[in-house]
Amino acid sequence: MKWIPPQIVVVEVKDKFKNKNKFHFKGPVQPSGGSASTTHIPETFNNASEMVKFMSAHILEEGRMSLNSEFQEHSNRDGVWTRPTFVMNLRSCTAVDHTSHTSNPPYQKTYEFGFDVQKDKDDMIYPPVNLGEVYVVHSPSWTKTKCCIGLIGPNDVNTIFLQDQKIYDDEQSAPFALWMCITSGEQGDTGWLTESDLPSFYPDGSVKRETMYALNIGTVTNLTREYEGLKSLAHIKDHLKKAIFCKRNQDLPASVTPHAPTVWKDSSSFATPFAAGKEGFSGGADGFNTKSLENVQVNKPASVPRGIWDKLSLTLNPFQLLAIGNIISGRSKGNFVLLQGPPGTGKTTTIIGLVTALLNGSSTLPGGKVSGTRVQIGNTLSRQSDDGNNNTATLNVPVARRILVCAPSNTAVDDLAWRLHKLAVGPNGALGGFNIVRFGQAPGEERHDRRGKGRKQRTTQSSVEGRDEYLREINLDLIVESIARVRGTGDFADHDGNKRLSKNINYGQERRQILTKCHVVCTTLSGAGSKAFAESVSRDEFHNSEFDAVIIDEACQASEPSSLIPLKYNPNIVVMVGDPQQLPVLLFSQSSKRAHFGRSLFERLQLNGWPVNVLRMQYRMHDEIVRFPSMHFYSGQLITSSNVRGRGLATWSSHPCFPPYRFWNLNKGIMKRSAEGGVSNQDEYMFIRRLLNEFGILFNRVRPISIGIISFYNDQVELLKRSINSLPWIKSGKISLQISTVDGFQGSEKDIIILSCVRSSSSNKPFNRGMY
């Protein structure tokens, strides 16, 4: 990482006895050379090396900008970091790599600097030691302004200091180690040191003690895991490579864009009812007319028991059943599936159905015939299955096949784990009748706060009874911790493997034993790239993959390198579930956005003509609401379920202010920007408050009503929260209210949604002005 680190600021402090210098750090992390990468990400790649070449610079730039987002949050008006500066006593300096990366000068080497950290007696502040944490370091023995970037690296057999890093909360100093780069050439505009900056050594080889100062500026954990995901592409199975490195379909119309909802049909993908040989739908002017939908037939996959398929058929629509049937029957191209789910079409429900089918059935290997070699996922030695003609046969299957279920965020993963537990059917035929483990931080669990102030909890907004308790119950780390306690040990290693635990228990082995008996493992995409996870899921020599199937939810919200992380486990089946028309990948860097680094793997494959299964039946919105998104974003393909149509209009729909949808044009509303750069609109807030008050007066005796207010800006969300929650109808509990950003509402459903746009474009067109 050749970055220009923050600058050192020395402040002289006078007290009664002597003058002291306080060391602070100022400014963001700057790119070396003065500008960020602008390399455009192509639509196709030939191999892993080419992908690494194009993606690496943007991964680094995203890492740098994520550090600078920390700077924005933790700096004062003068640009000085407000996080604590740690005082460290140097104890060792050891070369990590004893040979240089280049045969001729200038060369680079990595050194591990070992320290004792002086801890504050009052606050007990200590530096976070999670793998990937980034520090800015300064030594008074260097030039006056020189700083170096240091990184918490993995334990390395070549180092002599801190083979394992521990935190001692009851002592005034804690062992601590950082990796820093040394170059034989000029340091230039980088966070590297020169050989002359290395500390002095005594004749016996020990280092001369000196005091250094360090500031934690964030983490690059995701950066390193994404890069490792890219590098692992050279070693994945051929059918995965064929998908990732696919070429643009020559039959694809030139007008098709990455967001086109077109479903491409070929001999390996049956993505619509037409492909199943039935006339399914007639394209009316509004895209909602159906014809003989009841007659659309989806054949049961031969390997799925009749009872299981009948249960799925009761809860899933034909589009969902077709997608699951294609996967199980091996009709999906290369066993690499893109499943697009517009709003309200049941993406999560389809995932639950797919997991049920995989746990109880089997799927052909890529390139195999339907009657050929199969992939079995489950934990049953033998069971009965019918071939669709009521003929039964015993299937001898391996033990402990596994499904990996991932998503970009902890919230999405927790929701999937909970709903799988409640709704998926296991090999024993019972709801939740399978072993499931959640890898990662549990709700309410305390972890080290890398901002330097003690520990922090991962909070959850779940109000579902028993949900958080269950998520803690299946959390892998907490399971292992309970085993350690039973055996009388007190230490515990978090999922990053940052602490060596008691010699009475082998935590890596305990994790592996638990996962050996596990059917489903749930974790974030980043969590799937952690060292502890990779070591825990490794299987014996008889398996050529750690997971038989990988399912990625919210795949269009994940960058391509993030989506590639779980593919290192060489699954036989990959299913990516998402919607390019909904929330995109979150990027920090504008240069990365311009270079299309925010294009997900799902979108790139869709752009190149890879078959896409589209879920078309929606259960969420009134016909009048769904008409606009269907026509403008989904080519009129969305169909409203008869259940939704049968609900009728809400009581308030006849009121002129509260029809199924309404745009309000506040052409005199003024957007204001705060000193910190936040954006809000007082006029919109006042209008929403008035609107809700009117609604409460008229309809407070109606059944319990849920209302959501969404804004694109945090300042507007906070402004709304401060006052609207005080309305009597809200305080009485007759109307439940949630106010959040778009991200916070992802996947939620409310009776009424109010959107506060806050700002408008410079255009005078009414549609572009502040509306709801």
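Here's a quick tour of some strands, helices and aromatic rings in this structure. Keep in mind that the model is predicted. We'll start with a three-stranded sheet, where 3 strands line up in the order β30-β29-β31, then look at a pair of strands, a pair of helices, and some of the 21 aromatic pairs that the structure holds.

**The sheet and its helices**

- The sheet made by β30, β29 and β31 is an open one, and its pairing is parallel.
- Its edge strands are β30 (735–741) and β31 (752–756), each of which pairs on one side only.
- Going from one strand to the next, you'll find a twist that averages 20 degrees.
- Take β29 (residues 705–711) and β30: 7 bridges pair them in the parallel sense.
- If you'd like a spot to look at, find Ile710, which stands opposite Ser740 in β30.
- Helix α17 (residues 682–699) packs on this sheet and touches β29, β30 and β31. The direction of α17 makes about 175 degrees with that of β29.
- Helix α18 (residues 714–724) also lies across β29, β30 and β31, and runs at about 155 degrees to β30.

**Strands β5 and β6**

- Over in another part of the chain, strand β5 (residues 86–95) and β6 run antiparallel, joined by 8 bridges.
- One match to pick out here is Thr94, whose bridge partner in β6 is Glu112.
- Strand β6 (residues 108–118) is mostly covered, with 9 of its 11 residues buried.

**Two packed helices, α1 and α2**

- Helix α1 (residues 48–73) packs with helix α2 (residues 221–231) at an angle of about 175 degrees, and the axes sit 9 Å apart.
- Angles over 145 degrees count as roughly antiparallel, so that's the label for how α1 and α2 run relative to each other.
- On the α1 side, the contact is made by Ala48, Met51, Val52, Met55, Ser56, Ile59, Leu60 and Gly63. From α2 come Leu223, Glu226, Tyr227, Leu230 and Lys231.
- Sort the α1–α2 contact by class and you get 9 nonpolar, 2 polar and 2 charged residues.

**Aromatic rings**

- Among the 21 aromatic pairs is an edge-to-face one between Trp652 and Phe695, at 5.5 Å centre to centre with 70 degrees between the planes.
- Trp652 sits in the loop between α16 (642–645) and β27 (672–673) while Phe695 belongs to helix α17, so this pair ties together parts that are 43 residues apart in sequence.
- Both rings belong to buried residues: Trp652 counts as buried because its relative accessibility is 6%, and Phe695 because its value is 2%.
- Phe695 also forms an edge-to-face pair with Phe658, this time at 5.1 Å centre to centre and 80 degrees between the planes.
- Phe658 lies in the loop between α16 and β27, so its pairing with Phe695 in helix α17 links parts that are 37 residues apart in sequence.
- Phe658 has 10% relative accessibility, so it counts as buried too.
- Elsewhere, Phe113, Phe115, Tyr135 and Phe176 form one aromatic cluster.

Methods. Residues are numbered from 1 along each chain as its sequence is written. This is a predicted model: local features need pLDDT of at least 70, side-chain atom pairs count only at pLDDT 80 or more; totals for chains, interfaces and linings use all residues. Side-chain values use heavy atoms; hydrogens and water are left out. Two strands pair if DSSP finds at least two bridges between them. Helices (H or I, at least four residues) and strands (E, at least two) are DSSP runs, numbered from the N terminus. Axes are lines fitted to C-alpha atoms, for helices over the stretch in contact, and angles run from 0 to 180 degrees between N-to-C directions. Contact means heavy atoms within 4.5 Å. Buried means under 20% relative accessible area, exposed over 50%, partly exposed in between (1.4 Å probe, protein chains only). Angles under 35 degrees count as roughly parallel, over 145 as roughly antiparallel, 65 to 115 as roughly perpendicular and the rest as oblique. Ala, Val, Leu, Ile, Met, Phe, Trp, Tyr, Cys and Pro count as nonpolar, Asp, Glu, Lys and Arg as charged, and the others, Gly among them, as polar. Rings of Phe, Tyr and Trp (its six-membered ring) pair if their centres lie within 6.5 Å; planes under 30 degrees apart count as stacked, over 60 as edge-to-face and the rest as tilted.
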